[in-house]
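Thanks for coming, everyone. Please bring the model up on your screens, and we will walk through it together.

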Amino acid sequence: MKVAVVGGGAWGTALADLLARKGEQVTLWAREPEVVESVNQRHVNELFLPAAPLAPDLKATRDLKSVVRGAEVVVSAPPSHAVRPVMSQVAGSLSGRPLVVSASKGLDPDKLERPSAVLVELLPDGTPIAVLSGPSFALEVYQRQPTAVVAAASDHAVAERVQRLFATPHFRVYSHTDIIGVELGGALKNVIALAAGILDGLGLGFNTRAALITRGLAEITRLGVALGAQPLTFAGLAGLGDLILTATGALSRNRGLGVALGQGQSVAQALARTQAVVEGVNTARTAVALGEQHGVELPISREVANILFNNKPPRQAVADLMERELKAEQWQ
């Protein structure tokens with residue numbers, strides 16, 4: 001099967017490698033010329049997934065239109081802010097009705113939309129669209145460590161196609177029809193993971209982290225339900241599973257940025273440590289805007305946004321969260 005993976009970051013590269021090792025004919029599109037050169041010449045993505053030799057048959061290109069022309073499957077894996085400009089170029093070059101799988105974990109910062117909603121807007125009517133999400137660090141997927149994720153589509157048959165395409169003995173894929181919940185879980189957990197890193201950077205303990213993750217999940221669920229998601233989705237892999245991984249794992253870029261902020265670095269200093277996109281930064285502001293739009297209270301996301309964009313001291317943000325008006329514990 002001819003597969004185009006659009007996005008040469010760590011996640012796109014790991015998925016391209018997985019499919020190529022399954023025997024699919026995979027080409028990876030990357031914006032960066034050094035990524036294309038290193039994949040084609042040395043079979044490694046030295047910029048975003050270094051020291052990870054890739055499938056010998058995996059090819060890379062910077063020619064976006066040619067990579068999707070004739071593809072039976074297109075995996076959309078740019079950073080969330082780039083989905084619209086990148087995939088708008090893809091739309092006119094598709095042949096037939098390829099299966100399009102969104103693997104971006106974030107929200108459109110301008111229109112406050114999920115990546116799959118952006119794809120529905122851009123791609124021809126009738127294009128089958130699904131999302132792939134769940135607790136999955138790119139490096140561990142590449143290393144073939146046992147991983148479980150979710151493929152979701154409004155049409156269950158489409159979700160099952162994605163499930164069969166990506167499933168391997170080390171990469172277990174569950175199907176789902178709650179595309180809104182699966183996608184929001186993957187996006188909003190990045191904000192809570194940033195908050196968890198801030199707590200770690202401040203030297204706070206396990207009690208605080210447990211409270212944050214639990215209340216963060218409640219916050220994600222409230223907003224998700226307001227946007228049409230099923231509450232139970234957030235207790236699954238794309239919700240709680242991805243939240244635990246990203247809020248506690250050492251490979252989490254969002255948690256790592258939070259640690260640096262908690263230790264006193266500025267946002268600019270912390271972001272300068274990585275070439276990869278830290279999705280939680282833009283998503284924090286987008287989540288707050290969505291909450292205001294739908295009348296949903298998001299106290300943790302709001303404090304993270306205040307730290308990122310209003311120079312609020314992290315310790316003061318924690319104090320303000322703890323001193324909020326006392327209330328009953330409610331999940332909706």
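Let me start with a definition. Rings of Phe, Tyr and Trp (its six-membered ring) count as a pair if their centres lie within 6.5 Å; planes under 30 degrees apart are stacked, over 60 edge-to-face, and the rest tilted. How many aromatic pairs does a search of the whole structure find? Zero.

Some ground rules. This is a predicted model, where local features need pLDDT of at least 70 and side-chain atom pairs count only at pLDDT 80 or more, while totals for chains, interfaces and linings use all residues. Residues are numbered from 1 along each chain as its sequence is written, and side-chain values use heavy atoms, with hydrogens and water left out.

Rings do have charges over them. A charge sits over a ring if NZ of Lys or CZ of Arg is within 6 Å of the ring centre and within 35 degrees of the ring normal. Arg285 lies over the face of Phe309, 3.8 Å from the ring centre. Arg144 does so over Tyr142, at 5.8 Å.

Now the cores. Buried means under 20% relative accessible area, exposed over 50%, and partly exposed in between, with a 1.4 Å probe and protein chains only. A nonpolar core is a set of buried Ala, Val, Leu, Ile, Met, Phe, Trp, Tyr and Cys residues joined through side-chain atoms within 4.5 Å. The largest one has 50 residues. Leu188, Leu194 and Leu212 are among those with the most contacts inside it. Its largest share, 14 residues, comes from helix α8, residues 179–201. Helices (H or I, at least four residues) and strands (E, at least two) are DSSP runs, numbered from the N terminus. A second, separate core has 44 residues, including Leu28 and Leu58.

Stay on α8. Contact means heavy atoms within 4.5 Å. Beyond its neighbours within four places in sequence, Leu188 touches Leu107, Ile220, Leu223, Thr283 and Ala287. Leu199 is also found in α8. Leu199 is buried, at 7% relative accessible area. Again leaving aside neighbours within four places, its contacts are Leu204, Thr208, Arg209, Leu212 and Val318.

Next, α14, residues 299–310. Why is this helix largely enclosed by the rest of the structure? Because nine of its 12 residues are buried. The cover over those buried residues includes α8, α9, α11, α12, α13 and α15. Just after α14, Asn311 takes a positive phi of about 60 degrees.

Finally, empty space. On a 1 Å grid over the protein atoms alone, a cavity is a set of points where a 1.4 Å probe fits but cannot get out; a pocket is an open set with protein on both sides within 12 Å along at least five of seven lines; lining residues have an atom within 4 Å of a point. Points are joined across faces, edges and corners, and a volume is the space filled by probe spheres set on them.

The largest pocket holds about 1,300 Å³. It is lined by 48 residues, with Ala10, Trp11, Arg253, Ala276 and Val277 nearest its centre. Which helix gives the most to that lining? α11, with six residues.

There are two cavities of 30 Å³ or more. The largest has a volume of about 40 Å³. Leu188 is back here, in the lining of that cavity, along with others including Ile220, Leu223 and Ala287.

One last residue. Phe48 sits in the loop between α2 and β3. Phe48 is buried, at 18% relative accessible area. Its contacts beyond four places in sequence include Gly8, Ala10 and Ala276.
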